[in-house]
Amino acid sequence: MAGNINRGDEAEDLVEQICHKMFLADFTVRNPKFLKGDAEKEAADFLVPFGSTLLAFQVKSKTETKSAFEKEEKDFQRIKGKISDGIDQLKTIRRALNANHLKTVTNGAGITLPFKGDSNTKLIGLVILELFGEEQFGEDERTGIYNGYTLHNNIPTHVFTREVFDTISTEIDTIPDLISYLTARKGFYERGALSPNTHELDFLTLFKTRQDLIKEVMGGEIDLVAVTDDLWKAYRSKHIDRINERDYRNRPSLLIDEVIKWQHTSIGYNPGIGDPSGRSESMEGTIENYYAIIFELASIPRISRRMVGEKFLKALRQADAAGNGQALVQISPDTGVLVLATNRNREERIRGMYNLAAVAYCGLHLAKLIAIATEPLSAPERSYDIGVLADVTFENHDELESKLTEMFGPLKCGTITEY
């Protein structure tokens, strides 16, 4: 029995590493507990709360000594039994949500957060299966999961092997990007648009390279898609140079990830100044402000993070040379991101950030603007000030709008693609 428990913990450790890579520790909750009467129950193996959406993970493990070709029907039935157990266990989190039993969660950064999920929460289930021992077999000899989607207990549930889920994380590594992938996956399976023997990584390749086709299926224009076998292998071999270039170009996007990782250190810090206009949230380092800020930052998909990161890096270098650097990026029709790098003191930096934010918010007619301020690139120590303007009105809107070009220069329009 002890050996099985250790293997289960080992499987959860492996999945936790993937979750930290995809979602960061701030959004990963391991083994959340809640009280039902006098009894403490585990809601799931992992939770990833994200606004009105909740990803719930069940991790199952099994030791294998036979390759997929050597397995008999009873061997596959045992694996199916493990998966079925994981799918069924997701009903625990649904019941906890319906009864409002789960009040707080503690994330991977060690921060205990109020949990606001309820019966209206959009719950997405993921069952991750670790087959220990299969690493000894060749890639084509390992057990695969086909048609790994089900709607059980009114929970859309996606099933992956841990190995495949890890591979997915090399292509999809933000929460909004994963939700988009799972939404497309759900749509394809519920429409019967995929043949039952479609390999997961081949569908991943289709998702990454043919968004036009994905949209046509989701829009009901196409009923069935035949995905070529070994599409993933061809993608990884024929386009490896483009993939490597993509990964290189994504490096500036990791600046946003780093800002998210730093935010828990702001808890308890009070700079003594908020938005000088009084139109935004306090800058005080409360847990509520911490989570509100990381949620806004984590809502930016990877390709948009690259757009911001490139300008962010340029502003950091400008601040090294001239003391100040700033940039404004409109990542969607109604959302923008402002970055400011400066060697000014903290109070001046915050005031400067909000003055620029007000001009950008009004000048681009935004519904939301995320503002980030920090030191120049070569600063020996680093701190971040972050503010969000959303659904606010400025009495001097026209005056602020007129200063957009003066503050940020002529607007430049452009497009960005992943590859």
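**Charge over a ring.** I started with R7 and looked up which ring it lies over. R7 lies over the face of F132, and I noted 3.7 Å from the ring centre. The model is predicted, and I read every entry here with that in mind.

**Aromatic pairs.** I then searched the whole structure for aromatic pairs and noted 14 of them. One that I looked up in detail is F188 with F203, which is edge-to-face. I wrote down 5.1 Å centre to centre and 65° between the planes. The edge-to-face label applies because planes over 60 degrees apart count as such.

Where do the two partners sit in the chain? I found F188 in helix α5 (residues 175-191) and F203 in helix α6 (residues 200-209). The two are 15 residues apart, and the pair links distant parts of the chain.

Are these two rings' residues buried or exposed? F188 has a relative accessible area of 0%, so I entered it as buried. F203 has a relative accessible area of 2%, so I entered F203 as buried too.

I also followed the ring pairs that join into a cluster: F23, F57, F160 and F165 are linked in this way.

**Positive phi.** Next I looked up backbone angles at residues other than glycine. L24 has a positive phi, near 75°. I located L24 in the loop between α1 (2-23) and β1 (29-30). L24 counts as buried because its relative accessibility is 7%, and the cut-off for buried is under 20%.

N153 is not a glycine either, and I noted a positive phi of about 55° for it. I placed N153 in the loop between β9 (149-152) and β10 (155-161). Is N153 buried or exposed? Neither label fits: its relative accessibility is 37%, so N153 counts as partly exposed.

**Helix packing.** Last, I looked at helix α2 (residues 73-89) against helix α3 (residues 91-98). They pack at an angle of about 0°, and their axes are 5 Å apart. I therefore entered α2 and α3 as roughly parallel to each other, the cut-off for that being under 35 degrees.

Which residues make the contact? From α2 I listed I87, D88 and Q89, and from α3 I listed K91, T92 and I93. Sorted by class, the contact of α2 with α3 has two nonpolar, two polar and two charged residues.

Notes:
Residues are numbered from 1 along each chain as its sequence is written. This is a predicted model: local features need pLDDT of at least 70, side-chain atom pairs count only at pLDDT 80 or more; totals for chains, interfaces and linings use all residues. Side-chain values use heavy atoms; hydrogens and water are left out. Axes are lines fitted to C-alpha atoms, for helices over the stretch in contact, and angles run from 0 to 180 degrees between N-to-C directions. Helices (H or I, at least four residues) and strands (E, at least two) are DSSP runs, numbered from the N terminus. Angles under 35 degrees count as roughly parallel, over 145 as roughly antiparallel, 65 to 115 as roughly perpendicular and the rest as oblique. Contact means heavy atoms within 4.5 Å. Ala, Val, Leu, Ile, Met, Phe, Trp, Tyr, Cys and Pro count as nonpolar, Asp, Glu, Lys and Arg as charged, and the others, Gly among them, as polar. Rings of Phe, Tyr and Trp (its six-membered ring) pair if their centres lie within 6.5 Å; planes under 30 degrees apart count as stacked, over 60 as edge-to-face and the rest as tilted. Buried means under 20% relative accessible area, exposed over 50%, partly exposed in between (1.4 Å probe, protein chains only). A charge sits over a ring if NZ of Lys or CZ of Arg is within 6 Å of the ring centre and within 35 degrees of the ring normal.
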